[in-house]
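Got the sequence and the 3D view open? Let's take a walk through them together, one helix at a time.

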Amino acid sequence: MKITPELYYTALTAAFTGIIWVPIILNRLVEMGPWKALTNPQPDVRPHADWAYRAASAHRNAIENLIVFAPLAIIVHVLESGSPLTAKAALIFFIARIAHALIYTFGIPLLRTIAFVIGFACQLILFARIIGVT
């Protein structure tokens with residue numbers, strides 16, 4: 001079975017979502033020291049660095065959006081209803097999620113919302129394809 005663009009970009013989005021935590025943990029190691037950071041620190045400990053706090057928020061948002069996007073992409077694949085539009089939507093979703101995480105981490109407010117809305121529109125395109133609107 002050949003991988004469809006919808007599944008391919010879902011896999012890339014999942015992989016990206018899975019690695020967003022690395023800078024957050026590295027910051028925690030620097031701020032708290034290895035022993036304290038690795039001995040189950042309290043989950044509500046806010047990082048001192050604002051960028052790390054925003055990165056953690058971006059990571060949570062990425063997880064929340066992946067939970068919506070992935071089933072839609074998988075359903076498009078299973079139904080064999082992929083189209084050039086759904087393939088493009090999957091690619092744009094992936095790019096939008098990277099942009100959102102970077103923009104959020106660097107604290108650029110308006111662009112963050114635009115990246116989020118673009119990703120949401122891509123989810124709507126997949127949903128519309130599933131229900132036969134496109």
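What follows is a tour of some helices, the core and a few single residues.

Before we start, keep in mind that this is a predicted model. Let's begin with helix α1, which runs over residues 5-19. A quick check with a ruler works nicely here: at 1.5 Å a residue, the 15 residues of α1 should span 21 Å, and its end C-alpha atoms are indeed 21 Å apart. Now look at which of its residues are tucked away. The buried ones are E6, Y9, T10, T13, F16 and T17. They cover an arc of only 125 degrees around the axis, so they sit on the same side of α1. And what do the buried residues of α1 pack against? Their partners are α4, α5 and α6.

That brings us to α4, which covers residues 50-78. Try the ruler again: with 29 residues at 1.5 Å each, α4 should span 42 Å, and the distance between its end C-alpha atoms is 42 Å, which agrees. Where is α4 kinked? The kink is centred on L66, and it amounts to about 30 degrees.

While you're on this helix, pick out H59, which lies in α4. Is H59 buried or exposed? Its relative accessible area is 17%, and buried means under 20%, so H59 counts as buried. Leaving out neighbours within four places in sequence, H59 is in contact with T17, I20, W21 and I24. You've already met T17 as one of the buried residues of α1.

Now follow the chain out of the end of α4. You come to E80, in the loop between α4 and α5. The phi angle of E80 is positive, near 55 degrees, and E80 is a residue other than glycine. E80 has a relative accessibility of 74%; the cut-off for exposed is over 50%, so E80 counts as exposed.

Next, the core. The largest nonpolar core has 17 residues, and those with the most contacts inside it are F16, I20, F69, A101 and L126. Which helices supply at least two residues each to this core? They are α1, α4, α5 (84-106) and α6 (109-130). Take L126 as an example: not counting residues up to four places away in sequence, L126 touches E6, F69, L72, A73, V76 and T86. One of these, F69, is also on the list of residues with the most contacts inside the core.

Stay with α6 and find I130, which lies in this helix. I130 has a relative accessibility of 23%, and since partly exposed runs between 20% and 50%, I130 counts as partly exposed. Setting aside its neighbours within four places in sequence, I130 is in contact with L72, I75, V76 and L79. Look at V76 in particular: I130 and V76 are 54 residues apart along the chain, yet their C-alpha atoms are separated by 6.1 Å.

Last stop: charges. Side chains of opposite charge can pair when their charged atoms come close. How many salt bridges does a search of the whole structure find? It finds one. The side chains of D50 and R46 meet in a salt bridge, with 3.5 Å from N to O. Check the accessibility of both partners: D50 is at 43%, so it counts as partly exposed, and R46, at 42%, counts as partly exposed too.

How values were computed: Residues are numbered from 1 along each chain as its sequence is written. This is a predicted model: local features need pLDDT of at least 70, side-chain atom pairs count only at pLDDT 80 or more; totals for chains, interfaces and linings use all residues. Side-chain values use heavy atoms; hydrogens and water are left out. Helices (H or I, at least four residues) and strands (E, at least two) are DSSP runs, numbered from the N terminus. The expected span of a helix is 1.5 Å times one less than its number of residues. The bend at a residue is the angle between axes fitted to the seven residues ending there and the seven starting there. A nonpolar core is a set of buried Ala, Val, Leu, Ile, Met, Phe, Trp, Tyr and Cys residues joined through side-chain atoms within 4.5 Å. Buried means under 20% relative accessible area, exposed over 50%, partly exposed in between (1.4 Å probe, protein chains only). Contact means heavy atoms within 4.5 Å. A salt bridge is a side-chain nitrogen of Lys or Arg within 4 Å of a carboxyl oxygen of Asp or Glu. The arc is that of the directions from the helix axis to the C-beta atoms.
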